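Visitor: I would like to learn how to read a structure like this one. Please take it a feature at a time.

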Amino acid sequence: MSLVRLFDLDRTDDVTFTGQGLQYPWGGLYGGHIVAQALRAAALTVEEAFVPHSLRAYFIRRGINTQHVQYSVDKIRDGRSFCTRRVVASQSDGAILNLEASFQVDEPTIEKSTAAFPSGVPKPEDLEESGWWDFLQRRSVPLRDDAPETAQAWMRVSDSFGTDQVLNRCAVAYLSDDLPNDCVITALPEIKKASDEGRRFSASLDHAVWFHRPVQADEWNLFTMSCVNYAGGRGMTFGYVHSQDGRHLATVAQETLVRIRES
């Protein structure tokens, strides 16, 4: 399996698509898998000039990794500059994800970002590989003692999508679900201890990505996520994606459910 094949959805009709599952080591479907396929399904219903600039997804139930996923697209609005889509991902037990995405025609403007590239980050070639799947390369940045709530990793995918910004952004959406859970676990010593002892349960609740600039998913990009709040079993995480030359490519937010199981 490759990301190219993962994003190659089978079309049933103008608004219905089917994507392959993948047997991940932990049993269920990886959240970024469903988000990326849903975004791809939405993109297949808009004109070529439109590229995704934002998405918001709610995870409804755990995906079954041995089943295909059906994506039903609702064409909310087609405008001259923006298009809006809603996508429901379903399997045999019902809906597993609801995603909304907005697409925009390229609009050159002046640019500014106050999300500076983090200082003191080792280069990817100086770090050990920690990827967990064939088409994903990941170089985790060592946790800092003064910032246990922040997780960082250089990530890229093995497949090249050239200048296709739809597929490159789908790939970044796939990667963006990787770190949020980690930074919640490391932010709280009690949860870290429970996790080390196998007494932790976690699941993504919702996920948002805003794309600011063109991205190349097959190049090393730095993902930085921080836990900014934890209450009611829910960890709120927020972070950025930067290119290796320091450009602020995307902003990511996720709320993730993290519970401590009784021993």
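Guide: The turns below go from the whole chain to one helix and then to the cysteines. This is a predicted model, where local features need pLDDT of at least 70, side-chain atom pairs count only at pLDDT 80 or more, and totals for chains, interfaces and linings use all residues. Residues are numbered from 1 along each chain as its sequence is written, and side-chain values use heavy atoms, with hydrogens and water left out.

Visitor: How many helices and strands does the protein chain have?

Guide: Helices (H or I, at least four residues) and strands (E, at least two) are DSSP runs, numbered from the N terminus. Here the protein chain has five helices and twelve strands.

Visitor: What share of the residues is buried?

Guide: Buried means under 20% relative accessible area (1.4 Å probe, protein chains only). Of the 263 residues in the protein chain, 49% are buried.

Visitor: Which residues of helix α4 are buried, and what covers them?

Guide: In α4 (residues 180-187) the buried residues are Pro180, Asn181, Cys183, Val184 and Ile185. Contact means heavy atoms within 4.5 Å. The cover over the buried residues of α4 includes helix α5 (189-196) and strands β8 (150-157) and β9 (200-211).

Visitor: How many disulfides does the structure hold?

Guide: A disulfide is a pair of cysteine sulfur atoms within 2.5 Å. The structure holds zero. For Cys83, the nearest cysteine sulfur is that of Cys170, 15 Å away.

Visitor: Why is Cys170 not bonded to Cys83?

Guide: The two sulfurs are 15 Å apart, too far for a bond. Cys170 is buried at 0% relative accessibility, and Cys83 is buried at 3% relative accessible area.

Technical notes: Buried means under 20% relative accessible area, exposed over 50%, partly exposed in between (1.4 Å probe, protein chains only).
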